[in-house]
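Student: Please take a close look at one salt bridge for me. Start from its positive partner, then work outward to whatever surrounds it. Keep it brisk.

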Amino acid sequence: MSDLKRTPLYDLHLELGGKMVPFAGYEMPVQFPLGVKKEHEHTRNACGLFDVSHMGQLLLHGPSPAEALETLVCADIVGLPQGMQRYALFTAQAGGILDDLMVANPGDHLYLVVNAACKDQDIALLDMGLDDEHRVEVLDRALLALQGPKAADVMRRHCPQACELVFMQHGRFEMMGVPVWISRSGYTGEDGFEISIPAKEAEALARRLLAEDEVEAIGLGARDSLRLEAGLCLYGHDIDTETTPVEAGLIWAIGKPRRHGGERSAGFPGADVILHQVDAKDHRRKRVGLLGEGRAPVREGAELYGEDGRHIGRVTSGGFGPSVGRPVAMGYVDIEYAEIGTTVHAEVRGKRLPMVVSKMPFVAPGYHRG
């Protein structure tokens, strides 16, 4: 593992009994002694602390950073108000997704959070795609996610001003006398805060938060089951370069000003392919939610078949949903099988298990919308 990177919380993870595994080029805790199921349930019922410092944190500087970024993403960045953040997609010329990211507007620059596995390619994409007036600054900061229905109770003791944020807002605050950048969103489907802090200050803040009765350290295992129940994509699994935003059910991430008839229509890589799919609705497959019967989980890679035995798709994420109490999955099926209520069959160890195409998210979101 010597070639793997470590986050600023690596030593703390070991101290807490974290089981470390390779993930996106880092040594990361997949679980702590509490175990994946209990970590999942604790986050749903109280509050979990996640180390997401492996993610890439970037600043985009220049005279018109929003206009510049819109040449690479299909989101409406020019219309992003100060103090807000937005989900965006880097797209390829063929219409596929190169990465998904969060973009915040703190004022005279943009703050981007990109996936760890795509971080280097995203930086290269920005360096090549931006004009000479704009530049990317790569930050050395940690990122902690405080997630769950009691996250605001905990945050109120440490940074009460941050509790005034609502879903998808972003602000600059202080915790323990240290400047921090806080957003309020949540990859778990619960209310939560993402706290960006200078790397050298991260361990002290993590210890302070973990000292609260409501807070437990949570690993990658529960992070995955939580986001799956929330119906949220994981790059490289549910979305990739072979998948368009329309096929992925992410039409909402294509800003209305960027669509045909909008004031800044197209102008992003793959616009011809993607906007044709938006208008003509002729894409051949679609990402769907799947609910299973019994207890047997259906994992990523399971092939999907129609009731007539025809191969119709593949599962891209799956497992047992502790909060749902049954197997949950998402995957891609041929468009004629994508209607809610359709029964399909997943092949698991030679058996074909019935699953029903279902609405996502599988759990009601707890985001704080004000």
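Tutor: Start with Arg-157, which is partly exposed at a relative accessible area of 44%. Keep in mind that this is a predicted model. Arg-157 pairs with Glu-214 in a salt bridge, and the closest N and O atoms are 2.5 Å apart. Glu-214 sits in the loop between helix 6 and strand 14, while Arg-157 belongs to helix 5, so the bridge ties together parts that are 57 residues apart in sequence. The general point is simple: side chains of opposite charge can pair when their charged atoms come close.

The two partners have different settings. Glu-214 is buried, because its relative accessible area is 14% and the cut-off for buried is under 20%. Arg-157, at 44%, counts as partly exposed. The contact between the two side chains also qualifies as a polar contact, at 2.5 Å.

Now look around Glu-214. Setting aside residues up to four places away in sequence, Glu-214 touches His-42, Ala-46, Cys-47, Lys-150, Asp-153, Val-154 and Arg-157. Its loop runs between helix 6 and strand 14, the latter covering 215-218. One long separation is also worth noting: the C-alpha atoms of Glu-214 and His-260 are 48 Å apart, with the two positions 46 residues apart along the chain.

Next, helix 6, on one side of that loop. Helix 6 covers residues 202-210, and its buried residues are Ala-202, Leu-205, Ala-206 and Leu-209. Viewed down the helix axis, these buried residues fall within an arc of 100 degrees, so they line one face of helix 6.

Helix 6 also leads to the core. The largest nonpolar core has 28 residues, and those touching the most other members are Leu-146, Met-155, Met-175, Ile-182, Phe-193 and Ile-195. Elements giving two or more residues to this core are strand 4 (47-51), strand 10 (141-147), helix 5 (151-158), strand 11 (169-175), strand 12 (178-184), strand 13 (192-198) and helix 6. The list thus includes helix 5 and helix 6. Take Ile-195 as a sample member. Beyond its neighbours within four places in sequence, Ile-195 is in contact with Ala-142, Leu-143, Leu-144, Met-155, Met-175, Val-180, Trp-181, Ile-182, Leu-205 and Leu-209. Another core lies apart from this one; it has 23 residues, including Leu-80, Ala-88, Ala-92 and Val-103.

How does the starting pair sit among the other bridges? The count comes to 22 salt bridges. Asp-191 and Arg-184 form one of them, at 2.7 Å from N to O. Here both partners are buried: Asp-191 has a relative accessible area of 7%, and Arg-184 has 2%. Glu-303 and Arg-314 form another, with closest N and O atoms 2.9 Å apart. Glu-303 lies in strand 16 (residues 303-305) and Arg-314 in strand 17 (residues 311-321), so this pair ties together parts that are 11 residues apart in sequence. Both partners are partly exposed, Glu-303 at 21% and Arg-314 at 42%. Shared partners also build a network of salt bridges, which joins Glu-70, Asp-76, Arg-86, Arg-258, Glu-263 and Arg-264.

Now a buried acid without a bridge. Asp-122, in helix 4, is buried yet has no salt bridge. The nearest side chain of opposite charge is Lys-119, 9.8 Å away. A salt bridge needs the nitrogen within 4 Å of the carboxyl oxygen, so that spacing falls outside the rule. Not counting residues up to four places away in sequence, Asp-122 touches Phe-90, Asp-99 and Val-114. Helix 4 covers residues 119-129 and buries Lys-119, Asp-122, Ile-123 and Leu-126. Down the helix axis, those buried residues fall within an arc of 100 degrees, so they line one face of helix 4. Asp-120 and Met-128 are exposed on the other side.

Last, a buried polar side chain. His-13 is in helix 1 (residues 10-15) and is buried at 5% relative accessible area. Its side chain makes a polar contact with that of Asp-51, at 2.8 Å. Leaving out residues up to four places away in sequence, His-13 touches Thr-7, Gly-18, Met-20, Pro-29, Phe-32 and Asp-51.

Note on methods
Residues are numbered from 1 along each chain as its sequence is written. This is a predicted model: local features need pLDDT of at least 70, side-chain atom pairs count only at pLDDT 80 or more; totals for chains, interfaces and linings use all residues. Side-chain values use heavy atoms; hydrogens and water are left out. Buried means under 20% relative accessible area, exposed over 50%, partly exposed in between (1.4 Å probe, protein chains only). Helices (H or I, at least four residues) and strands (E, at least two) are DSSP runs, numbered from the N terminus. The arc is that of the directions from the helix axis to the C-beta atoms. A polar contact is a pair of N or O atoms within 3.5 Å; within protein, one must be able to donate a hydrogen and the other to accept it, and residues adjacent in sequence count only if both atoms are side-chain atoms. Contact means heavy atoms within 4.5 Å. Lys and Arg count as positive and Asp and Glu as negative; His and the chain ends are not counted. A nonpolar core is a set of buried Ala, Val, Leu, Ile, Met, Phe, Trp, Tyr and Cys residues joined through side-chain atoms within 4.5 Å.
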